[in-house]
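Trainee: I'd like to go through the cysteines and then the pockets of this one. Can you walk me through it?

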Amino acid sequence: MGTIQLNNNLTKLLGISLITFAVFLYFGDFISIAGNCWGGFGADCWSRWDSALYIDVAQNGHNLVHCTDYPNDWCGNAGWAPLYPLTIRLIHFIIPQFEWLTLGLYLSHFFVLSSLIFIAFMFPNAKWHIHLFTCLIYVFAPGNIYLHAIFPLSMLVFLLLLCFYFLQKSQFITSGIFAFFAVLTYSIGFVLILAIVTWFIHDFFANEKMKLNWKKFSLLLFPIVGILTWFIYDYLKTGHWNALFLIQAKYGHSFNTPWKYMSVRFTDMIQNWHKRDKWIEIQNFALWIVVLYSCFEFWKLRNQNKNWLFFLSFTFLFLAVPYSTSPITAIYRNAVVLIPSWVLLTQTISYKKTIVALAAFVVFAYPLGILFIQSVLK
């Protein structure tokens with residue numbers, strides 16, 4: 001009887017996931033028209049800036065060349081993670097009749113649908129209204145516009161959801177495998193390693209015997225191997241294992257305290273107060289409030305969830321690290337990586353708090369979506 005009830009509940013949750021995916025598609029169509037792009041579900045509205053680089057990687061693989069205007073600097077596409085574009089290349093090999101951009105768009109949508117369905121399996125006993133809010137949080141979370149676009153972020157979020165799920169089940173090797181693929185999907189995936197290191201060190205010293213648990217260590221080992229795989233691929237393609245760093249060096253990224261650039265970003269917000277651009281920094285500052293509160297909620301779970309420090313570190317570092325590297329780092333895009341944290345918290349905080357967060361996310365989704373369609377966001 002319990003199995004029948006579970007199956008009935010899961011069927012209901014899957015139905016809600018599909019409905020929410022329809023909401024996702026409708027919002028994409030709505031925001032493209034609001035931004036004066038009438039392509040709707042076509043690739044033209046969703047190919048912006050780095051999309052061209054990912055398609056170039058799909059067609060040609062990584063490359064590294066000296067910049068035309070600044071010969072001492074390095075240019076090329078090797079500064080962008082390879083897994084998403086190489087997946088596009090594989091699909092194009094199987095079904096070559098599809099355009100490259102169209103394949104990229106369909107692949108992004110596929111991982112959105114996969115994530116929404118997987119959330120139902122993550123929490124099969126969830127009440128229907130909680131699951132609805134969880135899926136809507138996914139659809140409208142900060143950075144959500146990049147889930148629609150020809151970018152690897154929907155793929156990354158899906159892999160992170162799988163990583164989180166198997167970590168919760170103490171299946172560390174399986175979780176590590178998905179962490180391996182995650183760091184190959186997006187250039188700030190290395191932050192995942194920092195979060196795992198924090199969790200692993202705390203877990204090691206919290207153990208009275210302080211013996212190395214090799215299965216837990218695999219969760220750290222796999223993403224490190226993922227980074228090394230990227231380096232090996234770049235060496236084979238470009239002759240430079242550090243092609244990623246050579247290209248990114250010209251952008252002047254460096255590690256600082258997060259608050260170093262807060263005044264710069266605040267000034268930028270005030271200067272753009274008469275334009276829609278102000279919403280970029282308004283959302284960035286709001287993110288700090290949400291992230292710090294989320295960290296507090298994960299801390300409250302320290303006696304209930306053995307992985308609480310990983311989730312807390314993940315949530316804080318994926319905002320703090322990119323925020324601290326440069327005043328021009330695209331926080332509005334990187335913020336989408338935090339979706340797995342929001343998904344987990346919807347299961348523990350009151351649904352009223354979830355509704356407040358969802359309302360704020362929807363408010364930000366509209367202006368940031370239009371800025372993407374109009375190519376203001378990169």
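Mentor: A disulfide here is a pair of cysteine sulfur atoms within 2.5 Å. This is a predicted model, in which local features need pLDDT of at least 70 and side-chain atom pairs count only at pLDDT 80 or more, while totals for chains, interfaces and linings use all residues. Residues are numbered from 1 along each chain as its sequence is written, and side-chain values use heavy atoms, with hydrogens and water left out.

Trainee: OK, how many disulfides does the structure hold?

Mentor: The structure holds 2 disulfides. C37 and C45 form a disulfide with their sulfur atoms 2.0 Å apart, and with -95° about the S-S bond this link is left-handed. C67 is joined to C75 by a disulfide, at 1.9 Å from S to S, and that disulfide is right-handed because the torsion about its S-S bond is about 100°.

Trainee: And is C75 buried or exposed?

Mentor: Neither, since C75 has a relative accessible area of 24% and is therefore partly exposed; buried means under 20% relative accessible area, exposed over 50%, and partly exposed in between, with a 1.4 Å probe and protein chains only. Its partner C67 is buried at 9%, and in the other pair C37 counts as buried at 12%, as does C45 at 0%.

Trainee: Why is C163 without a bond?

Mentor: The closest cysteine sulfur, in C295, is 17 Å from that of C163, which is too far for a bond.

Trainee: Switching to pockets, what volume does the largest pocket have?

Mentor: The largest pocket has a volume of about 1300 Å³. On a 1 Å grid over the protein atoms alone, a pocket is an open set of points where a 1.4 Å probe fits, with protein on both sides within 12 Å along at least five of seven lines, and lining residues have an atom within 4 Å of a point. The volume is the space filled by probe spheres set on the points, which are joined across faces, edges and corners.

Trainee: Which residues lie nearest its centre?

Mentor: Of the 42 residues that line the largest pocket, Q248, H253, T329, A330 and R333 lie nearest its centre.

Trainee: And how much space lies in the second largest pocket?

Mentor: About 340 Å³ of space lies in the second largest pocket. It is lined by 21 residues, and V290, Y293, K353, A357 and F361 are the closest to its centre.
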